[in-house]
Amino acid sequence: MRIGELSRRTGVNAHQLRYYEAQGLLEADRGTNGYREYDEDAVLRVRQIRHLLGAGLSSEDIAYLLPCAVGEAPELLGCPELLAAMRSRLRRLDDQMAALARSRNALADYIDAAQRMSDRTYPPFDGAAPERVPA
């Protein structure tokens, strides 16, 4: 099938399909006319890629995982590459979540402090934009 048919059957636009191919996630043969030709397995592969992207995995992570993927969801066999990639991604997510939690807590502390000081402002603020001093 050509790229337009694969796009129609998977709901993924042709630009993204070409990106998956460039990343080594999807393979296509070239016809004598130069058009991409995909086999039936490409539909399943694209669905697997979409599910794994939805889990927050990068295309690099997915390249490691696809050989271990079975079915559309996909189920992932316990390949060593798979486990290492998923553990690495989980650590990165945990680090990002911890950083976001710290930022959130700091912002909440600033809001609490500002609310405690709501009866006074310093410097006095009348809502007008500050005047600029010419240079």
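Helices, H3 among them, are taken here as DSSP runs of at least four residues, numbered from the N terminus. The model described is a predicted one, and the account below moves from the nonpolar core to the largest pocket and then to a buried acidic residue.

The largest nonpolar core comprises 24 residues, and those with the most contacts inside it are Leu-6, Leu-17, Tyr-20, Leu-26 and Tyr-38. Two or more residues are contributed to this core by each of helix H1 (3–10), helix H2 (14–22), helix H3 (41–54), helix H4 (59–65) and helix H5 (80–116), with H3 giving the most, five residues. For Tyr-38, when residues up to four places away in sequence are not counted, the residues touched are Met-1, Arg-2, Ile-3, Leu-6, Glu-21, Leu-26, Glu-27 and Ala-28. In soluble globular proteins, nonpolar side chains tend to be buried together.

The largest pocket has a volume of about 250 Å³, and of the 14 residues that line this pocket, Glu-27, Asp-39, Asp-41, Ala-42 and Arg-45 are the closest to its centre. Helix H3 supplies the largest share of the lining, namely five residues. Classified by residue type, the lining of the largest pocket consists of six nonpolar, two polar and six charged residues. Glu-27, one of the residues touched by Tyr-38, is also among those closest to the centre of the pocket.

Asp-61 is located in helix H4. Because its relative accessible area is 7%, Asp-61 is classed as buried, the limit for that class being under 20%. Apart from residues up to four places away in sequence, Asp-61 touches Arg-89 and Arg-92.

Notes. Residues are numbered from 1 along each chain as its sequence is written. This is a predicted model: local features need pLDDT of at least 70, side-chain atom pairs count only at pLDDT 80 or more; totals for chains, interfaces and linings use all residues. Side-chain values use heavy atoms; hydrogens and water are left out. A nonpolar core is a set of buried Ala, Val, Leu, Ile, Met, Phe, Trp, Tyr and Cys residues joined through side-chain atoms within 4.5 Å. Buried means under 20% relative accessible area, exposed over 50%, partly exposed in between (1.4 Å probe, protein chains only). Contact means heavy atoms within 4.5 Å. On a 1 Å grid over the protein atoms alone, a cavity is a set of points where a 1.4 Å probe fits but cannot get out, and a pocket is an open set with protein on both sides within 12 Å along at least five of seven lines; lining residues have an atom within 4 Å of a point. Grid points are joined across faces, edges and corners, and a volume is the space filled by probe spheres set on the points. Ala, Val, Leu, Ile, Met, Phe, Trp, Tyr, Cys and Pro count as nonpolar, Asp, Glu, Lys and Arg as charged, and the others, Gly among them, as polar.
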